[in-house]
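Me: Please take a close look at one part for me, the shell around the ligand, and then place it in its wider setting.

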Amino acid sequence: MSLDGGLAPALEVEDLVKRFPAGNRMLGGDGVVHAVEGVSFAIAPGELLGLVGESGSGKTTVANCVLRLVEPTSGTIRLRGVDITRLSRRQLRPHRRHLHMVFQDPYSSLNPRLTTGQIVAEPLRLHGLARGKALDGKIAALFDLVGLRPELRFRYPHELSGGQRQRVGLARALSVEPSVLVADEPVSALDVSVQAAILNLLRDLQASMGFSCLFITHDLATVEYLCDRVAVMYLGKIVETAPTHELFDSPKHPYTQALLSAAVTPDPEQQRGRRRIVLTGEIPSPLDPPSGCAFRTRCPLAHRSAPRSVDEEPVLRDVGRGHLVACHLVGPGGEAPRLADERLGVA
Ligand SMILES: Nc1ncnc2c1ncn2[C@@H]1O[C@H](COP(=O)(O)OP(=O)(O)O)[C@@H](O)[C@H]1O
Ligand SMILES: [Mg+2]
């Protein structure tokens, strides 16, 4: 994919598939968990891409594959134009500093036996980027950057609040000035009262340091606030992607429309124009995903596209303005199906 100015994307994921053995065929399906089924996206240098979807849609698995914490079943991951999918641990090492992760749970993701200063220093040491006095100065600067008092560097993670720990996680991830930051629900384990402060910090750091970010969340309001572009995942697949303002102004997939109708927006005008669409049932099991359109079992409009929705999988189609959507009901020019006409499932 060619992006602005012909620059290679900071991160490119192509047709990523991850299947886990389920261990128990009695649970149904083919004994395989279809966690991620053909996900593709590219993040331009300095771009923030939001990956949204309900719990179980495969977001964390995408992140883990990108970081090579789990091995992809198939597909390609390119970091700054370099295919890192099949590199060995040793080959991967020089590329690692360009890709760092902030985890969902700041309580379990920091080594409890190290002081926070040691935790932040670790990547710098590992990549041989600083030592001695220079390392000391670097850590002090990083603590300052993320708004932590200098004396906290001699404390252990359990002595810190959740918000402070996540600041340590950010300082650690950004210590080596990565090109890409992967943040997997970095605030969802935190008190609501500190969530905004961490998000503001992330936004300020991104603006000053210019890294690209894959920001994973189930919360659309956060995406609207933070991200340049959004990809919506459902049952292991991206069903819609667009620039943030375009997606919020003109959601096309019934799933995105439902998610948006339930989200709180700061714009009362926009809120009034929306009807609340209640999705019935749970996300289906990735052990036995529905045939055809994976969303059809919960789609209030599925009957309109039957039997096509049962037989044929909708593919992501470009409908203009950088907007791609995978739905049989969306017209060739991006005409969205009108859920408001429908009584089924609409409150
Ligand atoms: N190691 C694993 N073994 C088996 N199934 C897994 C494993 N990791 C994730 N899954 C399954 O893959 C699906 C996607 O999970 P996940 O990527 O964590 O979704 P999300 O982050 O969107 O909540 C879920 O059904 C989950 O149970
Ligand atoms: Mg997750």
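Reply: By class, the shell around ligand 1 holds 4 nonpolar, 7 polar and 1 charged residues (nonpolar means Ala, Val, Leu, Ile, Met, Phe, Trp, Tyr, Cys or Pro; charged means Asp, Glu, Lys or Arg; the others, Gly among them, are polar). This is a predicted model, in which local features need pLDDT of at least 70 and side-chain atom pairs pLDDT 80 or more, while totals for chains, interfaces and linings use all residues. Residues count from 1 along each chain as its sequence is written, with chains lettered from A and ligands numbered from 1 in written order.

Now for the names: F20, V33, A35, G53, S55, G56, S57, G58, K59, T60, T61 and P286 surround ligand 1, each with its C-beta atom, placed from the backbone, within 6 Å. Helix 1 (59-66) provides the largest share of this shell, 3 residues. Strand 2 and helix 1 each give at least two (DSSP runs numbered from the N terminus: H or I of at least four residues for helices, E of at least two for strands).

Strand 2 (residues 32-43) also leads us inward, as it gives the largest nonpolar core its largest share, 6 residues. That core has 84 residues, and L49, V66, V180, V182, L214 and V232 have the most contacts inside it. Its members are buried Ala, Val, Leu, Ile, Met, Phe, Trp, Tyr and Cys residues joined through C-beta atoms within 7 Å, where buried means 20 or more other C-beta atoms within 10 Å. Both domain 1 (4-98 + 178-341) and domain 2 (102-177) contribute at least three residues to the core, with bounds from an automatic or database assignment.

Methods. Buried ≥ 20, exposed ≤ 12 C-beta atoms within 10 Å, placed from the backbone.
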